[in-house]
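I opened my notebook and went through one structure, element by element. These are my entries.

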Amino acid sequence: MAIAAVARSEIFLGDVFARKATSLNGKWHFIVDPYDTGYFDYRLQAYDASVKPGGGFFLDRRAKDKTDLVEYNFDTSPILNVPGDWNSQNKELFYYEGSVWYRTKFDVNRSAPDHRLFVYFGAANYEADVYLNGQKLGKHIGGFTPFAYEITKFARNKNNSLVVRVNNKRNIEGVPTVNTDWWNYGGLTRDVLLVETPATFISNFRMRLKSGTTNTIEASAQLDGTREDQTVRINFPLLKIAAETRADANGVAHAELEAPDLKLWSPENPILNDVEISSGEDKLKDRVGFRTIAVSGTDVLLNGRKIFLRGISIHEENPVRGGRAWSETDAKLLLGWAKQLNCNFVRLAHYPHNEHMARLADEIGILVWEEIPVYWTIQWTNAETLANAEKQLSDVISRDQNRASVVVWSVANETPVGEARTKFLKSLVDEARSLDGTRLVSAAMEVRIDPNDPFHKIVDDPFGEFTDLCSFNEYTGWYDGLPEKIDRLRWSIKYQKPVFISEFGADAKQGFHADALTRFSEEYQADVYTRTLPMLEKIPGFSGCTPWVLCDFRSPRRPLAGIQDGWNIKGLIGHDGKKKMAFAVLKTFYNEKAKMGN
Ligand code: GCB
């Protein structure tokens, strides 16, 4: 009988869409397991660590004959679409938080006997235990970043059983923790791929401008396999430049390529360059753009020129279909709406979104802020929580480091001022800078009200010292006073940095019209936008904003019957896909900004 000792084969596969892969997306059988019956025996011992794993669902057993007792059967169990959260696919699972077992079957047709095989998951929220043919491949924690396992040794030609237990229970020590303002969609929420590689292959690569230059490309690649000191070739066929270099004993290869005719990427001109990276039999193809991003005093500079960031915040949700967004089609819908607003920037809140978002942003010319779910109050002194956040940060950086569109790594949202918190966030900033010193680092901070003057707002969070942008969320007119208060604000901002308003907004039920003082009316929301935008313009160093939020999104914190009904309705677009009045207010403001050349 197979004993599921962990194979410890987790590996990071970067730029997975740059290589040929077989999709394992489709209809997977599933078993809902609220008591973890398929995971623990009756003494609460994990089957996959037991010498008697017989009851473990990962074995994907069927009764051998009429006397055999097996109390589950994937073959006769219902079906879920993968990718896809379970909540929006099955009414009974709408509020479900717990374990669901997924199973698919697949054949393998390796093109050479020494080739290697991997299963790749774009994301599984929140925790995933993965098994192939009864063998445990590993456990992954974190709901929004990719992971992969090598299955070369365990895969058969026919009828492989891939079983994943996904558990979306919220944990106090988790990242995020138990308390958020979004739906805790569970499941295999992103693409699942079967990846075949040569024995030695390129597991990740990075292309970027050499610091301080605009026509020298710094390329690096990581090889994985038995021949790690192989030659690596980098070729930009249309730029007519190429380089060849040999990897060191650790499989790391570096090269610099002079590109005198390089045209820089920008939202107005999102130029991407075809690139081929090859080593031995392995060959990856991608499209990468090159640009610089920097701050100087209170300005943000793109390719050395001052830019105003005309942004919007986005949740990874398709409000019209319902549920987590995951596909290129979903990305086209969301970023298409951002384009209609005349945005040149989006904030992908509050966790790493699927890879299609940044890839599409590269193609259509939208700058991107990416974020990890260090949200509100998490366990600042828990070393495991920090390690978890660091892993999510390094994984999203490794995934999207070749996307010219991505210009900001954000390490947190609305965290409470305090020493332990600042130390925690500082570790994340240091990590982001050491992994990728070419982008800006930020976090959405909070604003404080002067205890002696309600119209005086102060930004002096000590963490602001460590970020490139001084970015904060502010809700005057909704959580603080009525809209007319917005006109009377005075600001004291401690930092001489670009001021970026990462959120402002107000609830509005699409189609509900009343006067501008009636909460939840479209008029109220439009009034908040109409007053906020000119007020922000008066703040010295105001460099951009990402109002909250593009679309209504589901949130269990929003129960008001007849109005919210389980939705956060601060969207500029309702959950019927229809625009609210405030959409036009922001669009007009951005049109004016764009006309003025920034
Ligand atoms: C915030 C949070 C965001 C919420 C929003 C709201 O400050 O960052 O996640 O959804 O406010 O609607 O209250």
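Before I looked at strand partners I fixed one term: two strands pair if DSSP finds at least two bridges between them. I also noted that the model is predicted.

**Entry: a hairpin**

I started with strands S17 and S18. They are joined by 7 bridges and run antiparallel. I looked up one position and found Ile277 opposite Leu284 in S18. Between the two strands of this hairpin lie 2 residues. There, Gly280 takes a positive phi near 55°.

Next I followed the side chains along S18, residues 282-288. Which of them are buried, and which are not? Asp282, Leu284, Asp286 and Val288 point to one face and are buried. Lys283, Lys285 and Arg287 point to the other face and are not buried. I wrote the general rule beside this: in a regular strand the side chains alternate between the two faces of the sheet.

**Entry: a loop residue before S17**

I went back to the loop between strand S16 (252-258) and strand S17 (273-279), where Leu262 lies. Is Leu262 buried or exposed? Its relative accessibility is 11%. The cut-off for buried is under 20%, so Leu262 counts as buried.

I then listed its contacts, leaving aside neighbours within four places in sequence. Leu262 touches Leu209, Thr214, Asn215, Ile217, Leu239, Asn273 and Phe290. I checked one of these partners, Asn273, again. Leu262 and Asn273 are 11 residues apart along the chain, and their C-alpha atoms are separated by 9.1 Å.

**Entry: an enclosed strand**

I turned to strand S6, residues 116-121. How many of its residues are buried? The count is 6 of the 6, so S6 is largely enclosed by the rest of the structure. Arg116, Phe118 and Tyr120 point one way from S6. Leu117, Val119 and Phe121 point the other way. Both sets are buried.

I looked up the partners of S6 as well. S6 and strand S11 (residues 192-197) run antiparallel and are joined by 6 bridges. Here Tyr120 stands opposite Leu193 in S11. S6 also pairs with strand S9 (residues 147-150), in the antiparallel sense, over 4 bridges. In S9, Glu150 is the bridge partner of Phe118.

**Entry: a helix under cover**

Helix H2 covers residues 355-364. I found 8 of its 10 residues buried, so I noted the helix as mostly covered. The buried ones are Glu355, His356, Met357, Ala358, Arg359, Leu360, Ala361 and Asp362. Just after H2 comes Gly365, with a positive phi of about 85°.

**Entry: two sheets**

I traced an open sheet of 8 strands with parallel pairing. Its order is S26-S25-S24-S23-S22-S32-S31-S29. Strand S26 (440-444) and strand S29 (470-473) stand at the edges with a single partner strand each, so one side of each has no neighbour in the sheet. Neighbouring strands of this sheet are turned by 25° against each other on average, direction ignored. At one edge, S29 pairs with strand S31 (residues 499-503) in the parallel sense over 4 bridges. Phe472 stands opposite Ile501 in S31.

A second entry went to an open sheet of 3 strands, in the order S27-S28-S30, with mixed pairing. Strand S27 (448-449) and strand S30 (490-493) are its edge strands. S27 pairs with strand S28 (residues 456-459) in the antiparallel sense over 2 bridges. In S28, Ile458 is the bridge partner of Arg448.

**Entry: two packed helices**

How do helices H5 and H6 pack? I found an angle of about 20° between H5 (residues 522-537) and H6 (residues 581-595), with the axes 7 Å apart. Angles under 35 degrees count as roughly parallel, so H5 and H6 are roughly parallel to each other. On the H5 side the contact includes Gln525, Ala526, Tyr529 and Leu533. On the H6 side it includes Ala582, Val585, Leu586 and Phe589. The contact residues divide into 8 nonpolar, 2 polar and 4 charged.

I ended with Gln525, which sits in H5. Its relative accessible area is 0%, so Gln525 is buried. Leaving aside neighbours within four places in sequence, Gln525 is in contact with residues including Ala506, Ile569, Leu572, Lys580 and Ala582.

Key
Residues numbered from 1 in each chain as written. Predicted model: local features only at pLDDT ≥ 70, side-chain atom pairs only at ≥ 80, totals over all residues. Heavy atoms only, no water. Axes fitted to C-alpha atoms, helices over the stretch in contact; angles between N-to-C directions. Parallel < 35°, antiparallel > 145°, perpendicular 65-115°, else oblique. Contact = heavy atoms within 4.5 Å. Nonpolar A, V, L, I, M, F, W, Y, C, P; charged D, E, K, R; others polar. Buried < 20%, exposed > 50% of the residue type's maximum accessible area, 1.4 Å probe, protein only.
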